[in-house]
Every structure is written in structure tokens, then in C-alpha cells.
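Could you walk me through this model in the viewer, one selection at a time? I am new to it and would like to know what to click on and what I will find there.

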Amino acid sequence: MKKGLLLGLLFILLVSCSAPPQNSISVQDAWARATTGSMPMEQNHNSMGGKTSAIYMVIYNQTKQDDRLIAAKTSVAETVEIHETRMENDIMKMQKVDGVVIPASGKVELKPGGYHIMLINLKQELKAGEKLPVTLIFEKNGEINLEAEIRTP
């Protein structure tokens, strides 16, 4: 009887130790700007040519290590870049960045006027109410596929 109980406990211990970890990065409230209606700064860059838009979201890191969002991709734009908007000498400027740190046990909000994913030279119109497939690429946690809701802010 003791041997069977011991084997049962050992089996439970082995199964619980080998269970796959839950996704350590999660994304909430992913949305993209519709290309119809008003065109804020992130959508109207003449120097980039073509029509542009941006994707926003909140990224959560449930691990005990920092991670970095290093790229994103979608089939609806020729170029996808991570950008940061900031004030410089009372002028709002936007520039490409090589990544965004998602702190351990923390979050980062990609939002208008801050970090965002820039869609350059769109291949199609982004219509409010539709969904946009996006893949986020993280330095440590690999790729996460998601859909961003297209909205008119």
C-alpha cells in the first residue's frame, strides 16, 4: 500500500513539474487606427510616402525577467516599425526605435503620443470594425499572433 501511494505521489510530482508554462507575455486592447476620417500625426507622414496608420495595445510581462518587443509584422503594410513619439524643443517628433523593454512583472502601453507600431505604405484601407492580423516578435518569448480591432478614435 505504501509503495502504491509513493508511486502515485511521485507521478503527480513529475506531471506538475513538466507542465508547459503559461504564456509569459500577454496583450490586451490591441487596436489600429482606421484610415478613414481624421488623420493624426501617426497617420500623416509625407516623408514616408503612402498611407500610414498605427497599432496600439497594452503588453504585460508575467515573468521575472525583462523582455523586449523587437519587431512586428502584418500583411497589410509594406513596412512595419516600432516608433516612439516625444516632445523635443516644444515640437512633437516621432522616430523609429529598435525595441521596447517590457519590464519583469510589469506592463507597457503602446498609445497615441508614445510608443506605437507604425504601418507604412498600407496595401489596403483599414475600415473601422474589421480585424487586423498582427505578429509581435519578442527577444526572449518569440512570436505572439493576435488580431487588432480597427477603430476610429
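Here is a short tour, one stop after another. Keep in mind that you are looking at a predicted model.

**Stop 1: strand β1.** Select residues 25–33, which make up strand β1. Within this strand, click on D29. Its phi is positive, about 50 degrees, although D29 is not a glycine. That deserves a second look because most residues other than glycine have a negative phi. D29 counts as partly exposed because its relative accessible area is 46%, between the 20% and 50% cut-offs.

**Stop 2: from D29 across to R151.** Now add R151 to your selection. D29 and R151 form a salt bridge, with the closest N and O atoms 2.5 Å apart. This contact links distant parts of the chain: D29 sits in strand β1 and R151 in strand β10, 122 residues apart. R151 is partly exposed too, with a relative accessible area of 26%.

**Stop 3: strand β10 and its neighbours.** Next, select residues 142–151 to show the whole of β10. Strands β1 and β10 run parallel and are joined by three bridges. Look for W31, which stands opposite E149 in β10. Then add strand β9, residues 131–138. How do β9 and β10 pair, parallel or antiparallel? They pair in the antiparallel sense, over eight bridges. E149 turns up again here, as the bridge partner of K131. Follow the chain from β9 to β10 and you will pass through a hairpin of three residues.

**Stop 4: E143 and K73.** Stay with β10 and pick E143, then add K73 in strand β3 (residues 67–73). The side chains of E143 and K73 meet in a salt bridge, 3.3 Å from N to O. The two residues are 70 apart along the chain. E143 is partly exposed at 47% relative accessible area, and K73 is partly exposed at 40%.

**Stop 5: around β4 and β5.** Finally, select D90, in the loop between β4 (77–88) and β5 (91–96). D90 is another residue other than glycine with a positive phi, near 65 degrees. Its relative accessibility is 74%, so D90 counts as exposed. Now show E84, R86, E88 and K93, which are linked in a network of salt bridges. Within this network, the side chains of K93 and E88 meet at 3.7 Å, N to O. K93 is partly exposed at 39%, as is E88 at 31%.

How many salt bridges are there in the model? The count comes to eight, and the tour has shown you some of them, including D29 with R151.

Conventions
Residues are numbered from 1 along each chain as its sequence is written. This is a predicted model: local features need pLDDT of at least 70, side-chain atom pairs count only at pLDDT 80 or more; totals for chains, interfaces and linings use all residues. Side-chain values use heavy atoms; hydrogens and water are left out. Helices (H or I, at least four residues) and strands (E, at least two) are DSSP runs, numbered from the N terminus. Buried means under 20% relative accessible area, exposed over 50%, partly exposed in between (1.4 Å probe, protein chains only). Two strands pair if DSSP finds at least two bridges between them. A salt bridge is a side-chain nitrogen of Lys or Arg within 4 Å of a carboxyl oxygen of Asp or Glu.
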